[in-house]
Amino acid sequence: MDHAEPVPELPVSHPTPPPRSAPGPLDGLQVIELAHPFGAFAGRLLADAGADVIVVEPPEGAEMRAHGPFAENRPGRERSLAWWAENTSKRSVIADLDSDDGRRFVSDLVTGADVFLECEEPGRLASIGLDYPQLSAANPGLVHVAITPFGRDGVGGSYDVTDLTILARGGPMWSCGYDDHELPPVRGRGNQGVRIAAHFAVMSVLTALLARSRHGGQFIDVNMNAAANVTTEFASYGWLAAQQTVQRQTGRHATPNPSEPTQVRCADGRFLNTGVPPRTGREFEALLGWIRELGLEDDFSMSPLLEMGVDYDVITMAMLQDDPMASEVFQAGRDAMAYIAANVSAQEAFLGFQARGIAAGVVWSPDETMTDPQFVERGFPTEVYHDQLGRAVVYPGPPIRFTASPMSIRWPAPKHGEHTDEVRSELMP
Amino acid sequence: MSSPGSDPIPVPPSTGAPDPTTAPPGAAPGALSHIRVCDFTGQLAGAGATRWLGAFGAEIIRIEDPIRKGRWDILRGSPPFKDERRGIEMGSGFNNHNIEKLGITINLRTDRGKELLRELVTVSDVVAENFAAGVMERMGFGYESLRSLREDIVYVSNCGFGHTGPYREFKSWGPIAQAVSGLTHSSGLAGHPPAGWGYSYMDHTGGYYMAIAMLMALWHREQTGEGQWVDMSCTEAGANLHGADLLDWSVNGRALRAEDRPDSNRATSPEMAPHGVYRCKGEDNWVTIACRDDADWKALKSVVEIDAFDAERYDDLPGRLAGVVELDEHLSAWTASRIRFEIEAALQEVGVPAASVLRPAERIDGDIATASWGLWPMVHHLAMGGVRVDGEPVRFSTTDWSITRAAPTLGQHNRHVFGTVLGLSDADIDELIDQGVI
């Protein structure tokens, strides 16, 4: 394993939990979550939005606590970074669902809750008397959401899955990879198949809550395979409407017919996404101006074509088909972006193009976002104090910026059963 | 060469639960039928958000510009086209993203047009838009103006970088948001450039977060009576999706920018080996296999019967991780001459997660798992005729989604909305048309 970057020095700013400026949008809502790798992120989004999310763990600890990587590379139930990442702002209780006491505890919790979130195998909860019919009898307003690979009632419930197989069967992988089809399709990193389903689970919970005063509680069946299937953009509607099959390409949209590259390597080795190429005279003028500033006008053989581009108002799709010179000018614009990018750093290229009104994006690695000026100025990187480390570490901040009821990481992921006594005492009449 | 779809896709056994396709479609009352959205969204990052609310019965009033014929949303006239028919009403992406919405036109360059919009805001719960930062302000409809019309309005804006900060005026679309948020880099094989996402993953996902923003803000309003402005940045939503990878950097100093990373077909959280994408018989056919633990490994060995796999050093995960390159070579050699669906079925039979990489045709028209869910509902578009679209991957027991209406043609619902929502007479509406206001 490499350690290319030194551990960043971060000030210890606040004890846990951090102070909250104002209650989040889900303040006052109670959610009971049965710990499962497929449901943790959905629970986290609700918890960071202010809901009181109580995650129920088995006596041996949630499965995710065994998922690496681990803090300081030392495995341990309280050191799983996967657990830390997906369980902020929650409380943890221990309950053994194989015991009467554990089942009663969970049943009591759900009876007083607004939302029950679980990812159990179909049939499992019914067999222990904790499924929707029993739970809703005691709590008619309950919103019960189940996240399963093929849906509770769907075909395929007994198939074994992981994030990888969900993204393969569900479609996203067909569109991702390289121009060279000797290389395999690629799974985007970060357990995105789990996250796609989590987003639908959260949208569903909120939709059901907004219907509750008129329609009461209900059961919601979230199908992970279906969620991936409807998160493929052109691949699906291109087939549905026009029976077109997209083919994967390096760093850009999969398309029915090959398209020009949009990912260029910059002088510092990082990549830049060049977006939609320039079409207007103003953009060609800006490109030419920058090439001159860099002293590259004589080295870039297509400079004269850029000069011609300045005279165009806009190069339209129709002109590209009918006017050979417009096509050459258009191609020169593309090449100019790649040429400039190859001569400056990716960050300089990104800022330079955007300052000139030309869309482009630097290809940051995930951690590089945390020191990018835009993310920093908006206060996105968030320090969270961990007593396991005796210091605060940086987390990505909330994904949505509410101005009146902010989402926030209120405290780090709970320790195993950290709140069992507290929550049991709250249940006392 | 085996043509796509020539091999039967294995049918996963049913759980024995009732068949959801027998449920009457559209019979359920709308979960959100009490909500009205004044919708300026476009593309997928915005239109995808209000789409969800529309599928659950919210009244989504999509406002378009009659002068530029709604072209702010480039998808209106963009391919793919059904039957090769082109034009402003023929974009199938636009149709897919705008089902269950009403479409009206207002010329906001006119005073009367602005007045109509003000009246509409007054009777709306939500105003949604994904213009570049500052556009709504310049039109005279920034948050403060909206709030002066309706105190508890929920105003959700969604743009590439948010409305504050040094990049607030930067241009963005899906691939740029993916690049800047780290998602392009984190998809790729070791020793190769980023593969990224072969579609606008962050347009989909930005839309999901925008829908979550509207729904959370509506819940907050229901509890407190308070409206608000939500300033969503698509790149922030993207940077929130890295999970343990980001903490591995901030806690352990391990960055994803390194020679042997991200290598995203392998599994690091949790660690698994073997875990990858393997070439099969036929052209561009692949199967994914994930060995979660020692039990999966034993089961995998029993199916593939590769002698080298019997070596004791592979009996535990650290041994398999250390030898993963060799394991993948053996496994690739084994899969290369076999049919992917047969591999998948044989491995699933012994409980090992395996799935073929499905082509669009295979998962849409050949997979009972999506067909039986009713995942591809048919809508009837005024110009395109019958077209299937994305359904929703959820089922509600009481107030389920319903997708039967296609995207609106330009101004399709002008009479309905200006008549029933704003109470104008037919004569009033005729006059608005004559004056070029709508």
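Q: Which residue of S10(B) stands opposite Tyr278(B)?
A: In this predicted model, Tyr278(B) has Val287(B) of S10(B) opposite it.

Q: What makes S9(B) and S10(B) a pair of strands?
A: Two strands pair if at least two bridges are found between them. S9(B) and S10(B) have five bridges, in the antiparallel sense, so they count as paired.

Q: What links S9(B) and S10(B) in the hairpin, and which residue in the turn has a positive phi?
A: Six residues lie between the two strands of the hairpin. Gly282(B), in the turn, has a positive phi of about 100 degrees.

Q: How do you know that S10(B) also pairs with S11(B)?
A: Strand S10 (residues 286-290) of chain B is joined to S11(B) by three bridges. At least two are needed, so this is a pair as well. The two strands run antiparallel, and Thr288(B) has Ala355(B) as its bridge partner in S11(B).

Q: Why is one side of S9 and of S11 in chain B left without a neighbour in the sheet?
A: The sheet is open and has three strands in the order S9-S10-S11 (chain B), with antiparallel pairing. Strand S9 (275-279) and strand S11 (354-356) stand at its edges; each has a single partner strand, so one side of each lacks a neighbour in the sheet. Direction ignored, neighbouring strands here are turned by 20 degrees against each other on average.

Q: Why is S9(B) called mostly covered?
A: A residue is buried if 20 or more other C-beta atoms lie within 10 Å of its own. Four of the five residues of S9(B) are buried, so the strand is called mostly covered.

Q: Which helices lie across strands of this sheet, and at what angles?
A: Helix H12 (residues 324-336) of chain B lies across S9 and S10 and runs at about 40 degrees to S9(B). Helix H13 (residues 340-349) of chain B lies across S10 and S11, at about 160 degrees to S11(B).

Q: Which domains is chain B divided into, and what separates their centres?
A: The assignment gives domain 1 (28-241 + 372-434) and domain 2 (263-279 + 286-356). Taken over C-alpha atoms, their centres are separated by 43 Å.

Q: How do you know that strand S7 of chain A pairs with strand S14 of chain B?
A: Three bridges join S7 (residues 218-223) of chain A to S14 (residues 394-396) of chain B. The criterion is at least two, so the strands pair. They run antiparallel, and Asp221(A) has Arg395(B) as its bridge partner in S14(B).

Q: How many residues of chain A are in contact with chain B, and which helix gives the most to that side?
A: 140 residues of chain A are in contact with 143 residues of chain B. Helix H7 (residues 192-215) of chain A gives the most to this side of chain A, with 14 residues. The side divides into 69 nonpolar, 51 polar and 20 charged residues.

Q: What makes Val222(A) a contact of Ala197(A)?
A: Two residues are in contact if their C-beta atoms lie within 7 Å. Ala197(A) touches Val222(A), so this pair meets that limit. Not counting residues up to four places away in sequence, Ala197(A) also touches Phe38(A), Ile147(A), Met224(A) and Ala227(A).

Q: Which residues have the most contacts inside the largest nonpolar core?
A: Among them are Ala197(A), Leu46(A) and Ile212(B). This core has 258 residues.

Conventions: Residues are numbered from 1 along each chain as its sequence is written. Chains are lettered from A and ligands numbered from 1 in the order in which they are written. This is a predicted model: local features need pLDDT of at least 70, side-chain atom pairs count only at pLDDT 80 or more; totals for chains, interfaces and linings use all residues. A nonpolar core is a set of buried Ala, Val, Leu, Ile, Met, Phe, Trp, Tyr and Cys residues joined through C-beta atoms within 7 Å. A residue is buried if 20 or more other C-beta atoms lie within 10 Å of its own, exposed if 12 or fewer, and partly exposed in between; C-beta atoms are placed from the backbone. Ala, Val, Leu, Ile, Met, Phe, Trp, Tyr, Cys and Pro count as nonpolar, Asp, Glu, Lys and Arg as charged, and the others, Gly among them, as polar. Axes are lines fitted to C-alpha atoms, for helices over the stretch in contact, and angles run from 0 to 180 degrees between N-to-C directions. Domain bounds come from an automatic or database domain assignment.
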